[in-house]
Amino acid sequence: MSSGDRQKPEGWMAIGTPDRQTVTADWMPIDAPAIDGVLIKEIRSVATSTGYLTEIYREE
């Protein structure tokens, strides 16, 4: 089958563009988010005697 014999598939998967890369291979953000008021803060896990603790919310 040559490429000229192919037909374009129908449906929502037929068109579109891939999402752009937002993080590096080391999970570092490439650029700031495009949502007003959203801040990105690096959160580090804390080693405890029973595993790791990651704080995900603090009302300050």
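Is Ile35, with its 55% relative accessibility, to be counted as buried or exposed? In this predicted model, Ile35 counts as exposed, because a relative accessibility of 55% is over the 50% cut-off for that class. The residue sits in the segment before β1, a strand that spans residues 46-48. Ile35 does not stand alone, as Val38 and Ile40 join it to make a nonpolar surface patch of about 280 Å².

A look at the whole chain helps to place this patch. The protein has two strands and zero helices. Of its 60 residues, 0% are buried. The exposed area comes to about 6,700 Å², and carbon and sulfur atoms supply 54% of that area.

The search for salt bridges covered the whole structure and found one. The partners are Arg20 and Asp31, whose closest N and O atoms are 3.4 Å apart. Both residues lie in the segment before β1, so the pair ties together parts that are 11 residues apart in sequence. The two partners can also be described by how much of each is accessible. Arg20 is exposed, because its relative accessible area is 53% and the class begins over 50%. Asp31, in turn, has a relative accessible area of 39% and is therefore partly exposed.

Trp27 and Met28 are two further residues to find in the segment before β1. What is the sign of phi at Trp27, which is not a glycine? The angle is positive, at about 65°. This deserves a second look, because most residues other than glycine have a negative phi. Trp27 also counts as exposed, with a relative accessibility of 68%. For Met28, the relative accessible area is 44%, so this residue is partly exposed. Met28 can also be paired with Glu42: the two are 14 residues apart in sequence, while their C-alpha atoms are 9.2 Å apart in space.

Another pair of this kind involves Thr54, which is found in the segment after β2, the strand of residues 51-53. Between the C-alpha atoms of Thr54 and Ile43 there is a separation of 7.2 Å, and along the chain these residues are 11 positions apart. Thr54 is partly exposed, because 40% is its relative accessible area, a value between the 20% and 50% limits.

Ile43 appears again in the description of the largest pocket. How much space lies in that pocket? The volume is about 300 Å³. The largest pocket is lined by 13 residues, and those closest to its centre are Lys41, Ile43, Glu55, Ile56 and Arg58. Sorted by class, the lining holds seven nonpolar and six charged residues, with no polar ones.

Taken together, these results offer a few places to start exploring the model. The patch made by Ile35, Val38 and Ile40 can be found on the surface, and the salt bridge can be followed from Arg20 to Asp31. From there, the positive phi of Trp27 can be checked in the backbone, and the pocket can be located by way of Lys41, Ile43, Glu55, Ile56 and Arg58.

Conventions
Residues numbered from 1 in each chain as written. Predicted model: local features only at pLDDT ≥ 70, side-chain atom pairs only at ≥ 80, totals over all residues. Heavy atoms only, no water. Patch = residues over 30% accessible without salt bridge, like charges linked within 9 Å, V, L, I, M, F, W, Y side chains within 5 Å. Areas by Shrake-Rupley, 256 points an atom, 1.4 Å probe, with all protein chains shown as cover. Salt bridge = Lys/Arg side-chain N within 4 Å of Asp/Glu carboxyl O. Helix = DSSP H or I, 4+ residues; strand = E, 2+ residues; numbered from the N terminus. Buried < 20%, exposed > 50% of the residue type's maximum accessible area, 1.4 Å probe, protein only. 1 Å grid on protein atoms, 1.4 Å probe; cavity = no way out; pocket = protein on both sides within 12 Å on 5 of 7 lines; lining within 4 Å. Points joined across faces, edges and corners; volume = space filled by probe spheres on them. Nonpolar A, V, L, I, M, F, W, Y, C, P; charged D, E, K, R; others polar.
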